[in-house]
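Biologist: I'm new to this one. Could you pick a single helix and walk me through it closely, ends included?

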Amino acid sequence: MQKILVTGGTGYIGSHTVVELQNAGFQVVIVDNLSNSSAEVVDGIARITGIRPDFEQLDCLDCEGLDKLLAKYKDVAAIIHFAASKAVGESVQKPLLYYRNNLVSLVNLLELMPRHGVENIVFSSSCTVYGQPDFLPVTEQAPRKPAESPYGNTKQICEDIVNDTVHSGTKIRSILLRYFNPIGAHPSAEIGELPLGVPQNLIPFVTQTAAGIRPKLSVFGNDYSTPDGSCIRDYINVVDLAKAHVIAAQRMLTGKSKSPVETFNLGTGRGVSVLEVVNTFEKVTGVKLSYEIVGRRAGDIEQIWADPTYANAELGWQAKETLENTLASAWKWQQKLTAAGSK
Ligand code: NAD
Ligand code: WQD
């Protein structure tokens, strides 16, 4: 059984990926410092898959600790590197925390990989590297735009770090996955997104408003040049997204990569506006959402959605889940969180 090291594996996207990796027959070792997740997530993964992944609470900034860990779990075939700080607003307040955490964690892993004979790494990148693209849908060839935040900048720099390292001649290959907007939860509602404090992202804010935790949703702007005036994004189901990681790992492990570093857009190819999200959520759940239109949010991109053609063709992967089912899964997860909180 091939072993995959998943950093950030108790986090939102990481935990869903661990489930899919185990379903596909991989043995998983999770490394997470629990800065933005809980160890109970491992129980959720075990309930879904019937398999308890190895879990090591460790900070990826701790190079010595990682070195020991890679010595302990010999023969790691690939690393999927999710561990990072990801709050855009916080990154503006605390840029050095973001630069240190996101860059140094990656550097540590890349330095240690050759020492332990690990040759493959999947890196979590983001559509944020495109800024507001000149053409839509956006392909992988679109130029990266200057980052809007320190967080976004870390994704660009990390992509560069991977590229430079691989092209320096070291025995490492990589796949950079640029996620669009991951949403929803596992259909079992055993795992999902755990936002700490007031959510900054749309879907957790929507579900918390529906649950009565927030009085109302603010829709940031209805005067954009879009059909209904609200911003457009490509919302991708988190389980669909997780499955792409399994395929990316398998692609490297079976020698199918076409170049030492490959980059793929992971999105649905469909742009959906904020107001469409609100309306679809109401339709699917039967819950009336209290919301108001407010001013634009600083730094927001007007509209972006993926051209996933390359990922569809090369990975044989496609985002399949409907927005309706995905929003229903987010609501089911929220209801579970609400019930757990009121006990
Ligand atoms: P998340 O915060 O739920 O998961 C990240 C996990 O990494 C958390 O469990 C956290 O505790 C852990 N972590 C952070 N720093 C660590 C460190 N130094 N050492 C060990 N563990 C550490 O976030 P997520 O939404 O699952 O995002 C996963 C990855 O995908 C991140 O790299 C993020 O930047 C990227 N990404 C996320 C989105 C999104 O909208 N969620 C979009 C594009 C890219
Ligand atoms: C989606 C839409 C908001 C909250 C961010 C990061 C990006 C990536 C994904 C990691 C926007 C609107 C939101 C609210 C609203 N993460 N909105 N009211 O901004 O596309 O991307 O997460 O890489 O880097 O920037 O996602 O969920 O914050 O917003 O109207 O209370 O919902 O204006 O149009 P975003 P989001």
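Modeller: Let's start at the N-terminal end of α8, where N237 acts as the cap: one of its side-chain oxygens lies 2.7 Å from the backbone nitrogen of V239. That is a polar contact, meaning a pair of N or O atoms within 3.5 Å; within protein, one must be able to donate a hydrogen and the other to accept it, and residues adjacent in sequence count only if both atoms are side-chain atoms. Keep in mind that this is a predicted model, where local features need pLDDT of at least 70, side-chain atom pairs count only at pLDDT 80 or more, and totals for chains, interfaces and linings use all residues. Residues are numbered from 1 along each chain as its sequence is written, chains are lettered from A and ligands numbered from 1 in the order in which they are written, and side-chain values use heavy atoms, with hydrogens and water left out.

Now the helix itself. α8 covers residues 238–253, 16 residues in total, and spans 23 Å from first C-alpha to last, close to the expected 22 Å. That expected span is 1.5 Å times one less than the number of residues; helices here are DSSP runs (H or I, at least four residues), numbered from the N terminus.

Most of α8 is covered, with 12 of its 16 residues buried (under 20% relative accessible area, 1.4 Å probe, protein chains only). Among them are V238 and V239 at the start, along with D240, H245 and R251. M252 is buried as well. Just past the helix, G255 takes a positive phi of about 70°.

Elsewhere, F264 is also buried, at 0% relative accessible area.

How values were computed. Buried means under 20% relative accessible area, exposed over 50%, partly exposed in between (1.4 Å probe, protein chains only). Helices (H or I, at least four residues) and strands (E, at least two) are DSSP runs, numbered from the N terminus.
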